[in-house]
Amino acid sequence: MNNRVLRWMRGQRDTGRWRNTDAMYRAVVVGVGLVVAGVLLHELVLVLFGAPLLISAMLAMTRPQPAEPVVHQPTLPRALEQSQLAEAVFDIDAGPGVELVALRAPHGKTRGAGPVHLLPGNVEQVRTTLGHGGWGEGVDLRLDRLFAGPDALRVYGPIVGTEGRRTILPPVKVLPAGPLPPRPSGLVGVHRSPRPGDSTELRDIPAFQPGDRLRRIDWRVSLRTSAATGGVMSPSALHVRERHADADASLVLAIDTRVDVGAHVGEWASAMIGNGVRAGGSLDTSVLAACSLAASYLRQGDRVGLVDLGRPQLSLAPGTGSRQLLKIRHQLVICARSAGWASKPVLRPQQAPAGSLVMVLSPFLDDAMVELTATVVRRGTRVLAMDLLPEHLIAAERDPWGEAVLRVLRAEHAVRLQTLREHGIPVLRWGDEASATLRVLARGRR
């Protein structure tokens, strides 16, 4: 009979209102049982043990029910920098009659449910600082709570808080901008154009022609020319300084999101939990490199676009300014979240405008990437290849063929890179070597 009563009482739980706990049911059952047993057996000790339990349960039942507790969750920015700390302040209105508040605030970088914090019932505010160890998108904050009345015989909850999603933007490392071909359609920018214009770099000193501006006359050359003809200044002796026009350039960052490999070859076949990105893997390095390259070229006024080779629909058209950098960083997070294997990489001709530079960031683990890169070169587009395969690969430990597989992988990878070089495509590695190579190429351009 008592078991059926307990099962019926437990079935009345409702997290949206105050309810009795198992401690309340045990206090009633055990208290009544001890008091009855003490009376029947004429044992005062049993009555003294059972009476406090029964009295506490009766007081909890007759006490007025507390009001519904309210928790106000703060509004945090939807996007944060990786090193930025955000302070979340929760306003708690528990009301009278609440003696204990149990809170748990798991967030995206916490493994498991997180610790439970017990606070007094009169607490009004709870502050927590959110720090992020890496970039990406996911559940950032959730406040689970449980409110308990006197002696924890009645509780309100547990209530699972509302999850907040936060985007942690990839960090930016400013690099020296490398060579970019000038866009013939523009007359502004920082790159020298073959067309005449109003830049500071001298192009030629031709003879004066009708329509030339008088402020462009080079009087030193004109006086020397007039002195050679008898010292008579005539219109034929006038010369003007002609300068190169400044043109902006277009850079297209093509990232390979089809694979994400790290240094341990044995882990390549295992998928990351929750669509995560391997720390230090090829995709992580690709995103960080794309952010740094975009920031460097946008800083000097160039146009930068983004192409996802695995999912072309996630690509971003070239643009300029700090707003374009923010859009690229957000789009890189989306590309990483949707990353996965695709049988064929795609780079459409309209995604790389005429005269632009395409920088392909990939570990080049399959022939399809080499064929795509060579196809883009045959279209007449300038291409740079950024090799993102980890330099020091580690063979699978428990696989007897691990070392052999590793040697085959390295040999095939070297053949692919050599094929790219034979097509006239410079191959760089991300890191200090890439920065030094971009500086050398930039000096060569000037």
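Nine helices and 19 strands make up the secondary structure of the chain, as seen in this predicted model. The chain has 446 residues, and 42% of them are buried. Contacts also reach across the sequence: of those between residues at least 6 apart, 72% join residues at least 24 apart. On the outside, the chain exposes about 24200 Å², with carbon and sulfur atoms supplying 56% of this area.

Cysteines offer a good place to begin a closer look. A search of the whole structure for disulfides finds zero. Cys291 counts as buried because its relative accessible area is 0%, which falls under the 20% cut-off. Cys335 likewise has a relative accessible area of 0%, so this residue is buried.

Cys335 also leads to helix H6, where it is one of the buried residues. This helix covers residues 321–337, a run of 17 residues. At 1.5 Å a residue, H6 should span 24 Å; the C-alpha atoms at its ends are 25 Å apart, so the expected and modelled values agree. Besides Cys335, the buried residues of H6 are Gln324, Leu325, Ile328, Arg329, Gln331, Leu332, Val333 and Ala336. A general point helps in reading such a list: an α-helix has 3.6 residues a turn, so residues three or four places apart point the same way.

A contrasting view comes from the surface. Val32, Val36, Leu40 and Leu41 together make a nonpolar patch of about 380 Å² there. Val32 belongs to helix H2, which comprises residues 22–41. With a relative accessibility of 37%, Val32 counts as partly exposed, because this value lies between the 20% limit for buried residues and the 50% limit for exposed ones.

Arg154 gives a last stop on this tour. This residue is found in strand S10, which runs over residues 154–159. Its relative accessible area is 17%, so Arg154 is classed as buried, the cut-off being under 20%. Leaving aside neighbours within four places in sequence, the contacts of Arg154 include Trp18, Arg19, Asn20, Thr21 and Met24. Also in contact with Arg154 are Ala60, Arg63 and Gln65, along with Phe147, Ala148 and Gly149. Val98 is 56 residues away from Arg154 along the chain, and the C-alpha atoms of these two residues are separated by 9.5 Å.

Key:
Residues numbered from 1 in each chain as written. Predicted model: local features only at pLDDT ≥ 70, side-chain atom pairs only at ≥ 80, totals over all residues. Heavy atoms only, no water. Helix = DSSP H or I, 4+ residues; strand = E, 2+ residues; numbered from the N terminus. Buried < 20%, exposed > 50% of the residue type's maximum accessible area, 1.4 Å probe, protein only. Contact = heavy atoms within 4.5 Å. Areas by Shrake-Rupley, 256 points an atom, 1.4 Å probe, with all protein chains shown as cover. Disulfide = S-S within 2.5 Å. Expected span 1.5 Å × (residues − 1). Patch = residues over 30% accessible without salt bridge, like charges linked within 9 Å, V, L, I, M, F, W, Y side chains within 5 Å. Salt bridge = Lys/Arg side-chain N within 4 Å of Asp/Glu carboxyl O.
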